[in-house]
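Got the model open in your viewer? Get your selection box ready and follow along, one stop at a time.

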Amino acid sequence: MVRPTLARIDLGAIRHNVTAISEVIAPARFCAVVKADGYGHGDVPVASTALDAGADSVAVALVEEGARLREAGVSAPILLLSEPTPDSAGDVVKWDLTPTVYSEPFIDALAATGAPMGVHLKVDTGMHRVGADPSVISDLVARVRSRDGLWLDAIWSHFAVAEDDPEFTLRQLDILQTTAAGLGAEITRHIANTAGALLFPEARLDMCRVGLGLYGFHPSPETRDIVDLRPAMSLVTHVTHVRRLTAGARPSYGRIKPLEADATVVTVPVGYADGMTRALSKNGSALINGRRYPLAGTVTMDQVMVTVGDDDVAIGDEVVLLGRQGDEEITAYEWAEELGTIPHEIVCSKGPRVPRRYIS
Ligand SMILES: *Cc1c(COP(=O)(O)O)cnc(C)c1O
């Protein structure tokens with residue numbers, strides 16, 4: 001017995017997005033960012049599909065995320081986007097991960113493993129999250145090059161506002177380029193996330209680290225003219241209960257919305273514990289039989305009610321909370337706007353009770 005609620009992941013959409021973005025950024029390489037369980041889509045299926053569709057490498061935030069991919073048989077390069085603690089150096093070697101470095105203790109810990117290894121040196125060009133200040137880069141490079149077995153494979157950075165501030169973005173790019181040029185040799189460089197890769201051709205450099213676009217989302221309205229992307233995730237369930245209620249009834253906790261007329265109200269087995277955020281109670285919608293209906297009241301932990309008026313809706317009818325049904329679509333942008341956030345957070349917030357079903 002299983003609840004019909006699931007996240008449907010369209011791997012065909014992932015494949016399409018890799019191909020479409022690769023065409024735009026070529027000859028720059030495509031690094032598929034699959035941190036946080038592939039932005040909620042499943043890291044192993046997304047990584048495998050992206051690599052199969054032409055991505056050259058993948059990137060993760062944590063050593064344990066890299067280890068999961070290796071255990072699942074992913075053999076492509078796996079870039080760590082931040083330094084783990086120095087005592088993780090052994091695991092970096094064990095799982096054959098490509099380390100990002102920006103501190104002396106971590107460089108020393110990698111050297112102490114004795115393993116031969118290329119590293120990616122991260123420069124802080126203005127994001128101020130992680131990375132070394134440009135002023136200490138030459139010291140860090142010297143430290144890497146002085147250690148047996150360690151060599152510098154790339155120098156890189158990360159954009160803070162590529163979707164809406166060209167001036168700051170180009171300043172970041174300039175700092176990376178100047179710092180890289182100071183190293184003398186022709187060194188591999190990367191800086192662009194999805195927004196940077198699509199909006200700034202000069203920022204594509206040797207490789208782009210693509211997350212958002214991989215999952216089918218545009219970082220800004222302007223990128224819609226540059227590439228066609230398809231969202232891969234839908235949140236889908238079935239109607240489990242149907243009631244006819246009279247005008248004035250106020251379904252759910254808090255009794256926030258009175259029915260304006262007699263109406264059919266259906267119950268849907270998805271709630272805030274599943275990622276159907278409670279803040280959607282007021283203005284959220286659901287798609288049933290290709291039509292859009294309003295939520296009938298507060299989203300509860302496991303269930304939510306939907307007002308379908310006088311329409312004929314039955315137990316077992318498919319309900320789409322996020323995604324497309326017929327000609328109607330509820331997008332992660334719509335949720336994000338209502339919730340004051342970005343699509344990244346919407347797709348990462350699917351609860352652990354929601355299984356994923358993959359379609360191709
Ligand atoms: C998450 C992340 C990315 C991907 O960014 P998107 O905007 O999702 O494309 C790239 N680089 C770094 C360092 C990141 O942390």
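What follows is a walk through the domains, the contact between them, some salt bridges and one helix.

**Before you start**

This is a predicted model, in which local features need pLDDT of at least 70 and side-chain atom pairs count only at pLDDT 80 or more, while totals for chains, interfaces and linings use all residues. Residues are numbered from 1 along each chain as its sequence is written, and side-chain values use heavy atoms, with hydrogens and water left out.

**Stop 1: the two domains**

Colour residues 11-218 as domain 1 and 233-359 as domain 2; these bounds come from an automatic or database domain assignment. Their centres, taken over C-alpha atoms, are 38 Å apart.

Now select where they touch. Contact here means heavy atoms within 4.5 Å, and 13 residues from domain 1 meet 11 residues from domain 2. Together the domains bury about 1100 Å², with 63% of that on carbon and sulfur atoms. Buried area is the accessible area (1.4 Å probe) that two parts lose on being put together, summed over both.

Which three residues should you show as sticks on the domain 1 side? Pick Tyr 39, His 41 and Phe 217: they supply 45% of the area that domain 1 buries against domain 2, more than any other three residues.

**Stop 2: across the interface**

Between the domains there is one salt bridge, meaning a side-chain nitrogen of Lys or Arg within 4 Å of a carboxyl oxygen of Asp or Glu. Select Arg 356 and Asp 37 for a salt bridge whose closest N and O atoms are 2.9 Å apart.

Five residue pairs are in polar contact across this interface, both residues at pLDDT 80 or more. (A polar contact is a pair of N or O atoms within 3.5 Å; within protein, one must be able to donate a hydrogen and the other to accept it, and residues adjacent in sequence count only if both atoms are side-chain atoms.)

On the domain 1 side, helices H1 (11-25) and H2 (35-39) each bring at least two residues to the contact, and H2 gives the most, with three. Helices (H or I, at least four residues) and strands (E, at least two) are DSSP runs, numbered from the N terminus.

**Stop 3: more salt bridges**

Stay on Asp 37 and add Arg 68: their side chains also meet in a salt bridge, 3.6 Å from N to O. Arg 68 is in helix H4 (residues 63-71) and Asp 37 in H2, so the pair ties together parts 31 residues apart in sequence. Arg 68 is partly exposed at 43% relative accessibility, and Asp 37 is partly exposed too, at 24%. (Buried means under 20% relative accessible area, exposed over 50%, and partly exposed in between, with a 1.4 Å probe and protein chains only.)

The whole structure has 17 salt bridges. For one that links distant parts of the chain, select Glu 318 in strand E16 (residues 318-325) and Arg 8 in strand E1 (residues 6-10), 310 residues apart. Their side chains meet at 3.0 Å, N to O.

Next, jump to Arg 147 and Asp 108, whose closest N and O atoms are 3.1 Å apart in another salt bridge. Arg 147 sits in the loop between helix H7 (137-146) and strand E7 (150-156), and Asp 108 in helix H6, so the pair ties together parts 39 residues apart in sequence.

**Stop 4: around helix H6**

Asp 108 brought you to H6, so select residues 104-113. Which residues of H6 are buried? They include Phe 106, Ile 107, Ala 109, Leu 110 and Ala 111. The buried residues of H6 pack against H5, E5, strand E6 (117-122), H7 and E7. Ala 112, also in H6, is exposed, with a relative accessible area of 68%.

Now look at the ends. At the N-terminal end, Ser 103 caps the helix, with a side-chain oxygen 3.4 Å from the backbone nitrogen of Phe 106. Just after H6, Gly 114 takes a positive phi of about 80°.

**Last stop: Thr 98**

Select Thr 98, in the loop between helix H5 (89-94) and strand E5 (100-101). Thr 98 counts as buried, at 17% relative accessibility. Leaving aside residues up to four places away in sequence, Thr 98 touches Pro 77, Ile 78, Leu 79, Leu 80, Gly 118 and His 120.
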